[in-house]
Amino acid sequence: YIVHGWSYTVEPWRTTLALLKKAGLSVKMLNVPGLTEPSKKVFTIIDYMKWANAEIPDGAIALGHSNGGRILLNLCAKKPNKLKYLILLDSAGIYEPSAKKKIVASLAKIGKPFKKIPLIDKAFHRVTGTTDYSHAPENMKKTLSNMLESDKDLKLTDVTTKTYILWGKKDTVTPPRQATKMYETLPNAELKFYAKWTHAPYISNPEELAKALITLVERMKR
(Lines give C-alpha, C1' and ligand atoms only; values in the text may rest on other atoms or scores of the structure.)
Protein backbone atom coordinates (compact mmCIF):
# COMPACT_ATOMS: atom_id res chain seq x y z
CA TYR A 1 0.00 0.00 0.00
CA ILE A 2 1.34 3.41 -0.97
CA VAL A 3 0.25 6.67 0.62
CA HIS A 4 1.41 9.48 -1.65
CA GLY A 5 2.56 12.92 -0.60
CA TRP A 6 1.23 16.42 -1.22
CA SER A 7 0.13 15.98 -4.81
CA TYR A 8 -3.16 16.27 -6.68
CA THR A 9 -2.32 13.49 -9.10
CA VAL A 10 -0.60 10.10 -8.87
CA GLU A 11 0.26 10.16 -12.57
CA PRO A 12 4.01 10.72 -11.87
CA TRP A 13 4.04 7.38 -10.04
CA ARG A 14 3.03 5.50 -13.20
CA THR A 15 6.52 4.29 -14.23
CA THR A 16 7.49 3.09 -10.75
CA LEU A 17 4.15 1.34 -10.22
CA ALA A 18 4.39 -0.39 -13.60
CA LEU A 19 7.88 -1.69 -12.79
CA LEU A 20 6.79 -2.95 -9.38
CA LYS A 21 3.83 -4.79 -10.86
CA LYS A 22 6.00 -6.19 -13.66
CA ALA A 23 8.22 -7.67 -10.96
CA GLY A 24 5.21 -9.46 -9.51
CA LEU A 25 4.49 -7.21 -6.55
CA SER A 26 0.90 -6.55 -5.57
CA VAL A 27 0.73 -2.77 -5.15
CA LYS A 28 -2.16 -0.47 -4.33
CA MET A 29 -1.88 3.31 -4.52
CA LEU A 30 -4.30 4.97 -2.12
CA ASN A 31 -6.03 8.22 -3.06
CA VAL A 32 -5.55 10.65 -0.19
CA PRO A 33 -8.71 12.63 0.69
CA GLY A 34 -8.46 16.30 -0.22
CA LEU A 35 -5.61 15.60 -2.64
CA THR A 36 -6.13 12.85 -5.21
CA GLU A 37 -9.60 12.25 -3.78
CA PRO A 38 -11.54 15.56 -3.87
CA SER A 39 -12.92 16.91 -0.61
CA LYS A 40 -13.82 20.32 0.80
CA LYS A 41 -13.05 19.22 4.36
CA VAL A 42 -10.21 20.64 6.43
CA PHE A 43 -8.28 17.57 7.63
CA THR A 44 -6.35 16.97 10.81
CA ILE A 45 -3.72 14.30 11.33
CA ILE A 46 -6.31 12.34 13.33
CA ASP A 47 -8.64 12.37 10.31
CA TYR A 48 -5.89 11.01 8.12
CA MET A 49 -4.89 8.37 10.66
CA LYS A 50 -8.48 7.09 10.79
CA TRP A 51 -8.62 7.07 6.99
CA ALA A 52 -5.35 5.14 6.65
CA ASN A 53 -6.37 2.67 9.33
CA ALA A 54 -9.58 1.91 7.42
CA GLU A 55 -7.87 1.65 4.01
CA ILE A 56 -4.89 -0.47 4.99
CA PRO A 57 -5.45 -3.99 6.38
CA ASP A 58 -3.69 -5.10 9.55
CA GLY A 59 -0.33 -6.76 8.91
CA ALA A 60 0.27 -5.05 5.59
CA ILE A 61 3.41 -3.41 4.23
CA ALA A 62 2.88 0.29 3.65
CA LEU A 63 5.00 2.99 2.07
CA GLY A 64 4.52 6.66 2.83
CA HIS A 65 6.06 9.41 0.73
CA SER A 66 6.47 12.87 2.26
CA ASN A 67 3.10 13.73 3.88
CA GLY A 68 2.08 10.10 3.38
CA GLY A 69 4.98 9.10 5.61
CA ARG A 70 3.78 11.54 8.25
CA ILE A 71 0.33 9.92 8.18
CA LEU A 72 1.75 6.41 8.55
CA LEU A 73 4.16 7.41 11.32
CA ASN A 74 1.29 8.82 13.34
CA LEU A 75 -0.79 5.72 12.68
CA CYS A 76 2.01 3.39 13.80
CA ALA A 77 2.68 5.52 16.89
CA LYS A 78 -0.91 4.93 17.99
CA LYS A 79 -1.23 1.36 16.67
CA PRO A 80 2.21 -0.31 16.92
CA ASN A 81 0.96 -3.63 15.55
CA LYS A 82 -0.95 -2.20 12.58
CA LEU A 83 1.73 -2.74 9.93
CA LYS A 84 4.15 -5.58 9.36
CA TYR A 85 6.68 -3.20 7.83
CA LEU A 86 6.79 0.55 7.29
CA ILE A 87 8.71 2.14 4.41
CA LEU A 88 9.40 5.86 4.61
CA LEU A 89 10.31 7.60 1.36
CA ASP A 90 11.62 11.14 1.92
CA SER A 91 9.08 11.38 4.70
CA ALA A 92 7.67 14.36 6.52
CA GLY A 93 7.25 14.18 10.29
CA ILE A 94 10.25 15.96 11.77
CA TYR A 95 9.25 19.22 13.43
CA GLU A 96 11.58 22.13 12.73
CA PRO A 97 10.06 25.43 13.99
CA SER A 98 12.12 27.52 11.58
CA ALA A 99 11.19 25.31 8.67
CA LYS A 100 7.41 25.74 8.73
CA LYS A 101 7.30 29.26 7.33
CA LYS A 102 10.06 28.38 4.90
CA ILE A 103 8.12 25.40 3.53
CA VAL A 104 4.88 27.34 3.10
CA ALA A 105 6.69 30.35 1.64
CA SER A 106 8.63 28.18 -0.77
CA LEU A 107 5.49 26.41 -1.95
CA ALA A 108 3.72 29.74 -2.33
CA LYS A 109 6.49 31.30 -4.39
CA ILE A 110 7.88 28.29 -6.19
CA GLY A 111 7.99 28.86 -9.90
CA LYS A 112 6.03 32.11 -9.56
CA PRO A 113 7.98 33.95 -12.28
CA PHE A 114 7.16 31.14 -14.69
CA LYS A 115 3.41 30.79 -14.11
CA LYS A 116 2.65 32.36 -17.46
CA ILE A 117 4.95 29.89 -19.22
CA PRO A 118 3.14 26.54 -18.86
CA LEU A 119 5.92 24.38 -20.31
CA ILE A 120 8.54 25.76 -17.93
CA ASP A 121 6.16 25.55 -14.98
CA LYS A 122 5.24 21.96 -15.82
CA ALA A 123 8.88 20.96 -16.24
CA PHE A 124 9.82 22.52 -12.91
CA HIS A 125 7.15 20.60 -11.00
CA ARG A 126 8.08 17.41 -12.84
CA VAL A 127 11.68 17.70 -11.64
CA THR A 128 11.01 18.83 -8.07
CA GLY A 129 7.83 16.88 -7.35
CA THR A 130 6.28 19.91 -5.68
CA THR A 131 2.88 21.53 -6.06
CA ASP A 132 2.37 25.30 -5.92
CA TYR A 133 0.82 26.09 -2.53
CA SER A 134 -0.90 29.17 -3.94
CA HIS A 135 -2.90 26.94 -6.30
CA ALA A 136 -4.25 24.80 -3.48
CA PRO A 137 -7.90 25.11 -2.35
CA GLU A 138 -8.34 27.06 0.87
CA ASN A 139 -9.30 23.97 2.85
CA MET A 140 -6.08 22.24 1.82
CA LYS A 141 -3.96 25.24 2.77
CA LYS A 142 -5.44 24.92 6.24
CA THR A 143 -4.91 21.16 6.10
CA LEU A 144 -1.23 21.63 5.25
CA SER A 145 -0.87 23.96 8.22
CA ASN A 146 -2.48 21.29 10.41
CA MET A 147 -0.05 18.69 9.09
CA LEU A 148 3.01 20.82 9.82
CA GLU A 149 1.76 21.61 13.31
CA SER A 150 1.04 17.95 14.02
CA ASP A 151 4.76 17.17 13.89
CA LYS A 152 5.09 18.86 17.28
CA ASP A 153 3.16 16.03 18.89
CA LEU A 154 4.50 13.07 16.91
CA LYS A 155 6.49 10.77 19.19
CA LEU A 156 8.78 8.76 16.96
CA THR A 157 9.90 6.69 19.93
CA ASP A 158 6.38 5.19 19.98
CA VAL A 159 6.82 3.81 16.44
CA THR A 160 8.14 0.31 17.13
CA THR A 161 7.20 -1.05 13.69
CA LYS A 162 10.21 -2.26 11.69
CA THR A 163 10.92 0.75 9.50
CA TYR A 164 13.00 1.17 6.35
CA ILE A 165 13.96 4.76 5.52
CA LEU A 166 14.84 5.53 1.90
CA TRP A 167 16.01 9.10 1.23
CA GLY A 168 17.41 11.22 -1.57
CA LYS A 169 20.55 13.21 -0.84
CA LYS A 170 19.28 15.86 -3.24
CA ASP A 171 16.04 16.31 -1.30
CA THR A 172 15.56 20.00 -0.50
CA VAL A 173 11.97 19.70 0.78
CA THR A 174 12.64 17.21 3.58
CA PRO A 175 16.45 17.45 3.71
CA PRO A 176 18.73 14.53 4.60
CA ARG A 177 19.27 15.78 8.17
CA GLN A 178 15.63 14.87 8.82
CA ALA A 179 16.28 11.32 7.65
CA THR A 180 19.17 11.07 10.09
CA LYS A 181 16.97 12.41 12.88
CA MET A 182 14.29 9.83 12.13
CA TYR A 183 16.82 7.03 12.03
CA GLU A 184 18.34 8.07 15.36
CA THR A 185 14.92 8.39 17.06
CA LEU A 186 12.90 5.47 15.69
CA PRO A 187 13.50 2.36 17.83
CA ASN A 188 13.63 -0.16 14.96
CA ALA A 189 14.80 1.50 11.76
CA GLU A 190 17.27 1.18 8.90
CA LEU A 191 18.36 4.12 6.73
CA LYS A 192 19.73 4.24 3.22
CA PHE A 193 20.59 7.37 1.25
CA TYR A 194 20.55 7.57 -2.54
CA ALA A 195 22.92 10.10 -4.07
CA LYS A 196 20.88 11.07 -7.14
CA TRP A 197 17.37 11.08 -5.69
CA THR A 198 15.38 14.27 -5.17
CA HIS A 199 12.37 14.64 -2.85
CA ALA A 200 10.34 12.75 -5.46
CA PRO A 201 12.46 9.83 -6.76
CA TYR A 202 9.42 8.37 -8.52
CA ILE A 203 9.87 11.37 -10.83
CA SER A 204 13.63 11.87 -10.88
CA ASN A 205 14.72 8.22 -10.63
CA PRO A 206 11.72 5.88 -11.11
CA GLU A 207 13.75 2.87 -12.22
CA GLU A 208 16.15 3.13 -9.29
CA LEU A 209 13.25 3.56 -6.88
CA ALA A 210 11.47 0.50 -8.24
CA LYS A 211 14.67 -1.55 -8.02
CA ALA A 212 15.25 -0.44 -4.42
CA LEU A 213 11.69 -1.35 -3.42
CA ILE A 214 11.79 -4.73 -5.16
CA THR A 215 15.07 -5.56 -3.38
CA LEU A 216 13.62 -4.44 -0.06
CA VAL A 217 10.47 -6.53 -0.40
CA GLU A 218 12.60 -9.56 -1.30
CA ARG A 219 14.48 -9.03 1.96
CA MET A 220 11.21 -8.91 3.86
CA LYS A 221 10.21 -12.30 2.49
CA ARG A 222 13.30 -14.05 3.84
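Let me start with Glu11, which at 42% relative accessibility counts as partly exposed, in what is, I should say at once, a predicted model. Its side chain meets that of Arg14 in a salt bridge, with 3.2 Å from N to O, and Arg14 is exposed, having a relative accessible area of 57%. Side chains of opposite charge can pair when their charged atoms come close.

Now please move along the chain to Glu149, which forms a salt bridge with Lys152, where the closest N and O atoms are 3.0 Å apart. How exposed are these two partners, Glu149 and Lys152? Glu149 has 28% relative accessibility and counts as partly exposed, and Lys152, at 47%, counts as partly exposed as well.

The next pair is Lys221 and Glu218, whose side chains meet in a salt bridge at 3.7 Å, again from N to O. Where do these two residues sit relative to one another along the helix? Lys221 and Glu218 are about one helical turn apart, because they lie three residues apart in helix H9, which covers residues 206-221. Lys221 is exposed, at 59% relative accessibility, while Glu218 is partly exposed, with a relative accessible area of 36%. There is also a network to point out, in which Lys162, Glu190 and Arg219 are joined by salt bridges that share partners. In total, the count comes to ten salt bridges.

Let us turn from charged pairs to strand S5, residues 163-168, where six of the six residues are buried. If you follow the directions of its residues, Thr163, Ile165 and Trp167 point one way from S5, whereas Tyr164, Leu166 and Gly168 point the other way, and all of them are buried.

Which strands are joined to S5 by bridges? One of them is strand S4, residues 83-89, which runs parallel to S5 and is joined to it by four bridges; as an example, Leu89 has Leu166 in S5 as its bridge partner. Another is strand S6, residues 189-194, which also runs parallel to S5 and is joined to it by six bridges, and here Tyr164 has Glu190 in S6 as its bridge partner. To get from S5 to S6, the chain passes through helix H7, residues 176-185, and this β-α-β crossover is right-handed. You may recall Glu190 from a moment ago, since this residue also belongs to the salt-bridge network with Lys162 and Arg219.

My last topic is the nonpolar interior. The largest nonpolar core has 37 residues, and those touching the most other members are Ile56, Leu73, Met182 and Leu186. The elements that give two or more residues to this core are helix H2 (45-55), strand S3 (60-65), helix H3 (67-78), S4, helix H6 (138-150), S5 and H7. Which element gives the largest share? That is H3, with six residues.

To see one member of this core in detail, take Met182 and leave aside its neighbours within four places in sequence: Met182 is then in contact with Leu73, Leu88, Ser91, Ala92, Gly93, Ile94, Leu156, Ile165 and Trp167. Two of these names, Ile165 and Trp167, we have already met as buried residues that point one way from S5. Finally, there is a second, separate core of 23 residues, which includes Ile2, Leu63, Leu166 and Ala212, and Leu166 is one of the residues that point the other way from S5.

How values were computed
Residues numbered from 1 in each chain as written. Predicted model: local features only at pLDDT ≥ 70, side-chain atom pairs only at ≥ 80, totals over all residues. Heavy atoms only, no water. Salt bridge = Lys/Arg side-chain N within 4 Å of Asp/Glu carboxyl O. Buried < 20%, exposed > 50% of the residue type's maximum accessible area, 1.4 Å probe, protein only. Pairing = 2+ DSSP bridges. Right-handed = clockwise from strand over helix to strand, strands pointing away. Core = buried A, V, L, I, M, F, W, Y, C linked by side-chain atoms within 4.5 Å. Contact = heavy atoms within 4.5 Å.
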